[in-house]
Amino acid sequence: MTGFRARALSTTTLAAAAVFATLGVSAPADAAQTKSLMIEGELEIADLDLLAIKAVGATNAEGKTTGTYEATLLAGDDDNPLPFKVKGPITCIHTDGDTASLVYPISATDPNLIPAPLQDALAVQITVRKGDPSKVGVNGPAPAGSFSGCEPAATPYEFDGDIEIK
């Protein structure tokens, strides 16, 4: 390549980069979307509160998901929690409009009923749909490896609480 041709190519490349920078061209189409989800409320069946759900999680632009999930068994209303909780890190989030889903491995229970070798061996999927009424579904527990992603599942139960999907 001649010196003139190399200088012309590098000048053209710099000019093109400057044009794209001033136009505000977005990230490539295959870059991950950031997603966040907050759920706090109760799963209800026949007007009985059975499960208090608290979840906060996010997936960043690099596709890394972080967050926490905690569920408390209830004795018919949210003022009567039973002494049993399930906890875990959120490992997957799917959002689509007013529907969101997450998967978490069961890392701990309170009281502690999980032997160390079984910690994170089972996972649960929670799907919520905002509406009037809002709905929730629970898929699992199932072997953690049985979840490939977290596409939304059925939401047969009413949900009384707050859902924020971004």
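How many nonpolar, polar and charged residues does the lining of the second largest pocket have? Point 4 takes this up, after a look at the chain itself.

1. **The model and its fold.** This is a predicted model. The protein chain has one helix and ten strands. Along the sequence the pattern is α-β-β-β-β-β-β-β-β-β-β. In other words, the helix comes at the start of that pattern, and the strands follow.

2. **Burial, contacts and surface.** The protein chain has 166 residues, and 33% of them count as buried. Take the contacts with a separation of 6 or more: 45% of these are between residues 24 or more positions apart. The accessible surface is about 9,900 Å². Carbon and sulfur atoms account for 57% of that surface.

3. **The largest pocket.** This pocket holds about 210 Å³ of space. Its lining has 13 residues. Leu51, Val86, Tyr104, Val124 and Pro141 lie nearest the centre. By class, twelve lining residues are nonpolar, one is polar and none is charged. Four strands each give at least two residues to this lining: E3 (65-76), E4 (81-89), E8 (122-129) and E9 (134-143).

4. **The second largest pocket.** Here the space is about 170 Å³. Now the opening question: the lining has four nonpolar, two polar and six charged residues. Among the lining residues are Glu40, Glu42, Lys54, Glu70, Asp78 and Lys85. Others include Gly41, Ala52, Ile53 and Pro81. Strands E1 (35-45), E2 (48-59), E3 and E4 each contribute two or more residues to the lining.

5. **Strand E1 and its partners.** E1 pairs with E2 in the antiparallel sense, through eleven bridges. In this pairing, Ile39 stands opposite Ala55 in E2. E1 also pairs with E10 (residues 157-165), again antiparallel, over eight bridges. There, Leu43 stands opposite Phe159 in E10. As background, side chains in a regular strand alternate between the two faces of the sheet.

6. **The turn between E1 and E2.** E1 and E2 form a hairpin with two residues between them. Check the backbone here. Most residues other than glycine have a negative phi. Ala46, in the loop between E1 and E2, has a positive phi near 55 degrees. Asp47 is in the loop between E1 and E2 too, and its phi is also positive, at about 60 degrees. Are these two residues buried or exposed? Ala46 counts as exposed because its relative accessible area is 72%, and exposed means over 50%. Asp47 is exposed as well, because its relative accessibility is 70%.

7. **Two cis peptide bonds.** Most peptide bonds are trans. Which residues does a cis bond with omega near 5 degrees join? The bond runs from Asp110 to Pro111. Pro111 is in the loop between E7 and E8. Another cis bond joins Gly140 and Pro141, with omega about 10 degrees. Pro141 is in strand E9. Look back at point 3: Pro141 is one of the residues nearest the centre of the largest pocket.

8. **Asn112.** This residue is found in the loop between strand E7 (108-110) and E8. Asn112 counts as exposed because its relative accessibility is 60%. Asn112 and Val86 are 26 residues apart in sequence. In space, their C-alpha atoms are 9.2 Å apart. Val86 also appears in point 3, among the residues nearest the centre of the largest pocket.

How values were computed. Residues numbered from 1 in each chain as written. Predicted model: local features only at pLDDT ≥ 70, side-chain atom pairs only at ≥ 80, totals over all residues. Heavy atoms only, no water. 1 Å grid on protein atoms, 1.4 Å probe; cavity = no way out; pocket = protein on both sides within 12 Å on 5 of 7 lines; lining within 4 Å. Points joined across faces, edges and corners; volume = space filled by probe spheres on them. Nonpolar A, V, L, I, M, F, W, Y, C, P; charged D, E, K, R; others polar. Buried < 20%, exposed > 50% of the residue type's maximum accessible area, 1.4 Å probe, protein only. Contact = heavy atoms within 4.5 Å. Areas by Shrake-Rupley, 256 points an atom, 1.4 Å probe, with all protein chains shown as cover. Pairing = 2+ DSSP bridges.
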